[in-house]
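Please look through the sequence and the model shown below before reading on. The paragraphs that follow go from the ligands to the overall layout, and then inward and out to single residues.

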Amino acid sequence: MKVFKFGGASVKDAEGVKNVSSIINSHNGNELLVVVSAMGKITNQLEELTRAYLNGQDDVQHIFEAIKLYHFNVLHELFADHSHPVFDDVMNTFVEIDWLIEEEPDDAPDYIYDQIVSIGELVSSKILAAWLGTLRPDVKWLDARSFVHTDNTYREGLVNWEKTEAEIQKNLVPVLQQNIAVTQGFIGSTSENFTTTLGRDGSDYSAAIFSACLNAESLTIWKDVPGVLNADPKWFDETERIPQLSYHDAIELAYYGATIIHPKTIKPIQNKSIPLYVRSFLQPDAEGTDITDLKNHLPVPSFIFKVNQALLSIFPKDFSFIIEENLSEIFSLFHKHRVKINTMLNSAISFSISFDYDARKLDKLMADLSKDYKVKYNTGVELVTIRYYNQETIDRVTVNKNILLEVKSRNTCQIVMRDK
Ligand SMILES: Nc1ncnc2c1ncn2[C@@H]1O[C@H](COP(=O)(O)OP(=O)(O)O)[C@@H](O)[C@H]1O
Ligand SMILES: N[C@@H](CC(=O)OP(=O)(O)O)C(=O)O
């Protein structure tokens with residue numbers, strides 16, 4: 001039993017749907033579950049629609065029409081026969097949004113968000129399953145919400161592993177013995193059958209959940225890059241592919257912000273020793289990266305950039321030492337405002353952190369911290385994390401930068417900096 005995961009970039013248009021289908025179709029041999037995300041950047045557009053609806057904007061219908069048009073353009077390109085049942089199926093799925101936005105937004109915003117945004121994965125999976133069905137007869141579309149059970153933390157559903165595994169073993173395993181199944185990433189459901197999402201970019205995580213609960217032979221995530229590289233090629237020209245990667249290094253890279261893999265993806269598959277293959281959907285036969293329980297560490301320094309950081313430095317007002325009592329108070333405020341720390345450093349009388357800049361969070365945090373502390377901050381700074389650093393790499397990434405903070409452990413160096 002194998003699991004393939006295809007992200008939005010792979011199914012962004014009709015060509016993409018055809019390419020993904022041919023990759024799936026050329027997989028021969030054992031059972032296969034396909035997990036797919038919303039097409040292209042549709043999740044962003046559905047977020048925009050949710051915001052417009054919640055704010056009572058008058059462009060709600062306009063945004064919604066653009067989303068529908070995008071999908072129907074793909075369908076028209078794929079299917080010459082407009083009476084194919086997928087047209088009605090997709091239209092009926094969008095009707096869920098019609099019903100919702102007809103009413104005033106009285107429910108909790110996060111609940112509304114999940115009901116709207118999840119539609120992206122439902123329609124993309126229907127389109128992919130329909131096209132794949134023209135190539136082979138054994139394709140079955142499955143609703144991931146019947147398998148992935150979460151609590152009711154909307155926008156960040158917490159998986160109920162026991163229930164999810166039992167459901168997958170009982171009702172998915174038999175289906176996969178007869179069919180190639182296509183399902184959605186990113187979504188789940190509560191015990192009352194309301195839709196939840198697992199957090200942005202959560203489809204990799206969904207694929208890991210299915211893989212772990214199926215005890216899959218492997219999980220392959222298909223990306224627009226040749227594998228895991230030692231830096232994001234969007235920012236750097238001279239990148240190197242990492243052919244083999246340990247689970248440990250993969251978790252570290254993902255944790256520090258390498259967006260190629262969602263940070264929650266590795267743990268479930270590591271627990272079951274399931275290999276994770278990162279492959280290119282543009283060159284499906286090329287080698288890519290194999291992530292396993294390899295003991296060797298990364299062959300080259302790898303670096304991860306995070307732009308748009310805030311750097312906050314906190315001092316006790318009376319210039320006393322920063323002691324455990326202050327730290328526990330400061331941490332509870334980070335927790336209260338959901339500030340996720342990317343770097344931290346403390347000295348005798350100050351404590352500094354960097355985190356992803358969010359104006360609202362920063363204002364609220366400053367208001368609370370300023371009661372007892374003097375707080376200084378910089379915005380618009382960058383954070384670079386170098387795993388297995390050396391001086392050459394540090395020099396390379398800090399050219400024309402002023403270093404504001406530097407933290408080193410044995411394997412990892414983090415630098416907060418800004419342009420000179
Ligand atoms: N270390 C890295 N190696 C390869 N790609 C990376 C790395 N870090 C970030 N990326 C980025 O990850 C992108 C692929 O991930 P993502 O866009 O989330 O895919 P999808 O949405 O299709 O799952 C690449 O286009 C690349 O820009
Ligand atoms: N569509 C969701 C889930 C996801 O993971 O998508 P992708 O695989 O395209 O990153 C999102 O954009 O957040």
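Which of the 17 residues around ligand 1 come nearest? In this predicted model, the answer is Gly-7, Ala-9, Leu-229, Asp-232 and Ile-260. When the residues of the shell around ligand 1 are sorted by class, they divide into 8 nonpolar, 4 polar and 5 charged. Around ligand 2 the residues include Gly-7 and Gly-8, together with Ser-37, Ala-38 and Thr-43, and further along the chain Gly-185, Phe-186, Arg-200 and Asp-201. The shell around ligand 2 is made up of 2 nonpolar, 8 polar and 2 charged residues. Gly-7 is thus a name to remember, since it is listed around ligand 1 and is listed around ligand 2 as well.

From the ligands we can turn to the layout of the chain. The domain assignment gives domain 1, covering residues 2-223, and domain 2, covering residues 302-419, and the C-alpha centres of these two domains lie 37 Å apart. The UniProt record, in an unreviewed entry, places the feature "domain: Aspartate/glutamate/uridylate kinase" at residues 2-280. Over residues 2-280 the chain is 48% helix and 14% strand, while the C-alpha atoms at the two ends of that stretch are 17 Å apart.

What lies inside? In soluble globular proteins, nonpolar side chains tend to be buried together. Here the largest nonpolar core holds 111 residues, and among these Val-34, Ile-127 and Leu-128 touch the most other members. Helix H6 provides the largest share of this core, with 9 residues, and the core draws at least three residues from each of domain 1 and domain 2. To see one of these members in its surroundings, find Ile-127, which, leaving aside its neighbours within four places in sequence, is in contact with Val-17, His-71, Val-74, Leu-75, Val-86 and Val-90.

Helix H6, at residues 119-135, also appears in the packing of helix H5. The buried residues of helix H5, which spans residues 109-117, are Tyr-113, Asp-114, Ile-116 and Val-117. These buried residues pack against helix H2 (42-54), helix H4 (85-102) and strand E6 (195-197), as well as against helix H6.

Some single residues are also worth finding. Asn-215 has a positive phi of about 50 degrees although it is not a glycine, and its place is in the loop between helix H8 (203-214) and strand E7 (218-223). Because Asn-215 has 14 C-beta neighbours inside 10 Å, it counts as partly exposed. Asn-400, which is likewise not a glycine, has a positive phi near 60 degrees, and this residue is found in the loop between helix H13 (391-397) and strand E15 (401-408). Is Asn-400 buried or exposed? Asn-400 is exposed, because just 7 other C-beta atoms lie within 10 Å, and the cut-off for being exposed is 12 or fewer.

Finally, consider Gln-244, which is found in strand E8 (residues 244-246) and is partly exposed, with 14 other C-beta atoms within 10 Å. Although Gln-244 and Thr-292 are 48 residues apart along the chain, their C-alpha atoms are separated by 7.7 Å. Not counting residues up to four places away in sequence, Gln-244 touches Asp-290 and Leu-294.

Methods. Residues numbered from 1 in each chain as written. Chains lettered and ligands numbered in written order. Predicted model: local features only at pLDDT ≥ 70, side-chain atom pairs only at ≥ 80, totals over all residues. Buried ≥ 20, exposed ≤ 12 C-beta atoms within 10 Å, placed from the backbone. Helix = DSSP H or I, 4+ residues; strand = E, 2+ residues; numbered from the N terminus. Contact = placed C-beta atoms within 7 Å. Near = placed C-beta within 6 Å. Nonpolar A, V, L, I, M, F, W, Y, C, P; charged D, E, K, R; others polar. Domains from an automatic or database assignment. Core = buried A, V, L, I, M, F, W, Y, C linked by C-beta atoms within 7 Å. UniProt positions renumbered as here; feature names shortened; annotations may be inferred.
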